[in-house]
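Visitor: I would like to walk through this protein chain step by step, and I hope to understand how each conclusion is reached. Could you guide me?

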Amino acid sequence: MSSSSAAPQPSPIAEASPLSLCAREPHVPADRLVAEMVPPPRFDSVRFGTYIPDPGQPSQSEAVQVLESFAAGLGGAHASGSGKPRRGLLGFGRAKAPKAPAGPRGVYLDGGYGVGKTHLLASLWHATPAEPSLKAFGTFVELTNLVGALGFQQTVQTLSGHRLLCIDEFELDDPGDTVLVSTLLGKLVDAGVALAATSNTLPGKLGEGRFAAADFLREIQGLSAHFRALRIDGEDYRHRGLPEAPAPFSDDQVTRAAYATEGASLDDFPRLLDHLANVHPSRYGALTDDLKAVCLTGVEPVPDQSTALRLVVLADRLYDREVPVLASGLPFDRLFSEEMLNGGYRKKYFRAISRLTALARDARGLVTG
C-alpha cells in the first residue's frame with residue numbers, strides 16, 4: 001500500500017520557463033548517499049496501521065503481525081551486546097563489535113509487484129525502536145552505489161553499527177552484484193545488524209513476476225538461515241478498483257501545463273532518454289530534486305534494453321518522490337516491446353508501467369480546459 005498526496009495545482013501564469021531534466025547533471029557526494037538511506041518521501045508517513053490488507057488475502061494481515069513483532073524485538077541493545085556503538089564520521093573508527101548471537105536476524109517479503117512490500121518494509125523501518133541514524137533503508141542499486149562510493153570495508157564500518165538495514169528490490173538478475181551484497185550482508189550479520197529485504201525474480205524462473213523466495217534464499221547463499229520468508233499474496237493495489245490509465249494529452253496541453261505549473265519540468269521524451277545515458281543511475285534521485293511535476297512530450301517505445309532499464313530507475317525515483325508525470329504520445333503501457341515484457345527483466349518493466357500509470361493519474365489535474 002502507499003500514501004497519497006494531491007497533485008500540485010497549476011498556477012495561472014508561471015513566473016519562469018519550465019525546468020529541464022536534460023539540463024541537469026547532478027553530482028552526489030558520498031555523505032549524501034549515506035544520509036539519504038531512509039524511506040523515500042512517498043513512504044515518510046506510512047505505518048503498519050496505514051497498510052490496508054485485502055480481506056481476500058489473509059497473508060497480508062499475517063505479514064503485518066509478524067513484522068510488528070520483529071520490529072519490537074529490535075529494541076534495546078545492539079545485537080552485538082555493546083549497546084549503542086561508538087561511531088565516528090560515517091561510522092569510521094568504531095570499535096569492532098563481537099559476533100551477534102546465532103539465529104534468524106532477517107525477514108524477506110515475498111510477493112508480486114504492487115502488493116505493498118515497500119510500504120511494509122518502510123513501516124518496519126519506522127516501527128523499529130532506534131534513532132534514524134541507526135537504521136538504513138535503500139534499494140539494492142543504492143546499496144551497491146554506496147559500496148562504489150565508499151569502498152567495501154568502509155561500507156561495512158559505516159553500516160555495522162546499525163540496528164536494521166532494509167533493502168528494497170534486491171537484484172537477483174546481476175550475479176556479480178548479488179555476490180558483492182551477499183558478502184556485505186554476511187559481515188553485517190556478524191556485527192549484529194538485523195536485515196529485511198524484498199527482491200525481484202531471476203530470469204527464466206517459473207512464476208517470475210510473482211514470487212521469488214526460493215531464488216532469493218539460494219542466491220544469498222550462506223545467509224539463508226538468517227531470513228524468514230513472508231509470502232504476501234494479492235493484486236497490484238495501484239489498479240485495485242481504479243480506472244485505467246488516462247489517455248496521453250496533446251503536446252500543446254502538456255507544454256501549456258508545464259508553463260502554468262511552478263516547479264514543473266518540460267522535456268522531449270527521446271531527448272531525455274539520451275540524457276539518462278550520460279547520468280549515473282545513482283544520481284537519478286538528485287536529478288529530480290525540487291521537481292513538482294514532470295512533463296514529457298513525444299513519448300514513444302524505448303529503443304533497447306539498456307535504455308529501458310535506465311527508465312525503470314527514473315520511474316522508481318519519481319514514484320518514491322510522488323512527482324506527477326504528464327505526457328503526450330503513447331500511453332505508458334506501450335513503452336516496452338513484447339520481447340522486453342516476456343524477457344528476464346519483465347518484472348521491472350511491469351513495475352515501471354504500474355508506477356508511471358499511477359503518476360499519470362496524479363498529473364491529470366495539471367491540465368485545465
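Guide: A residue is called buried here when its relative accessible area is under 20%, and exposed when that area is over 50%. Please keep in mind that the model is a predicted one.

Visitor: What percentage of the residues of the chain count as buried?
Guide: The cut-off for a buried residue is a relative accessible area under 20%. When this test is applied to the chain of 369 residues, the share that counts as buried is 53%.

Visitor: How many helices and how many strands does the secondary structure of the chain come to?
Guide: Helices and strands are counted as runs along the chain, and a helix needs at least four residues, whereas a strand needs at least two. Counted in this way, the secondary structure comes to 13 helices and 8 strands.

Visitor: In what order do the strands of the sheet with 5 strands stand?
Guide: Strand S4 pairs in parallel with strand S1 (residues 106-110) through 4 bridges, and S4 is also joined in parallel to strand S3 (residues 164-170), through 5 bridges. At the edges stand strand S2 (135-139) and strand S5 (227-231), each with a single partner strand, so one side of each is left without a neighbour in the sheet. The sheet is open and its pairing is parallel, and the order is S2-S3-S4-S1-S5.

Visitor: Which residue in S4 is the bridge partner of glycine 106?
Guide: Two residues of S4 can be placed from the side of S3, since cysteine 166 stands opposite alanine 196 and isoleucine 167 stands opposite alanine 197. Glycine 106 belongs to S1, which covers residues 106-110 and is joined to S4 in parallel. The bridge partner of glycine 106 in S4 is leucine 195.

Visitor: How many of the residues of strand S4 are buried?
Guide: On one side of S4, Ala194, Ala196 and Thr198 are buried, and on the other side Leu195, Ala197 and Ser199 are buried as well, which leaves both faces covered. Helix H6 (residues 175-190) also lies across S3 and S4, running at about 165° to S3. Strand S4 (residues 194-199) is largely enclosed by the rest of the structure, because the number of its residues that are buried is 6 of the 6.

Visitor: Which strands stand at the edges of the sheet of 3 strands?
Guide: This open sheet has parallel pairing and the order S6-S7-S8. Strand S7 (residues 293-299) pairs with S8 over 4 bridges; leucine 296 has alanine 327 as its bridge partner in S8, and valine 299 stands opposite glycine 329. Each edge strand has a single partner strand, so one side of each is left without a neighbour in the sheet, and these strands are S6 (264-268) and S8 (325-329).

Visitor: Which element gives the largest share of the lining of the second largest cavity?
Guide: A search of the whole structure finds 2 cavities of 30 Å³ or more, and the second largest has a volume of about 60 Å³. Its lining consists of Phe269, Leu272, Leu296, Leu311, Leu314, Ala315, Leu318, Phe332 and Leu356, which divide into 9 nonpolar, no polar and no charged residues. Two elements give two or more residues to this lining, namely helix H9 (269-276) and helix H11 (305-320). The largest share, 4 residues, comes from H11.

Conventions
Residues are numbered from 1 along each chain as its sequence is written. This is a predicted model: local features need pLDDT of at least 70, side-chain atom pairs count only at pLDDT 80 or more; totals for chains, interfaces and linings use all residues. Side-chain values use heavy atoms; hydrogens and water are left out. Two strands pair if DSSP finds at least two bridges between them. On a 1 Å grid over the protein atoms alone, a cavity is a set of points where a 1.4 Å probe fits but cannot get out, and a pocket is an open set with protein on both sides within 12 Å along at least five of seven lines; lining residues have an atom within 4 Å of a point. Grid points are joined across faces, edges and corners, and a volume is the space filled by probe spheres set on the points. Ala, Val, Leu, Ile, Met, Phe, Trp, Tyr, Cys and Pro count as nonpolar, Asp, Glu, Lys and Arg as charged, and the others, Gly among them, as polar. Buried means under 20% relative accessible area, exposed over 50%, partly exposed in between (1.4 Å probe, protein chains only). Contact means heavy atoms within 4.5 Å. Axes are lines fitted to C-alpha atoms, for helices over the stretch in contact, and angles run from 0 to 180 degrees between N-to-C directions.
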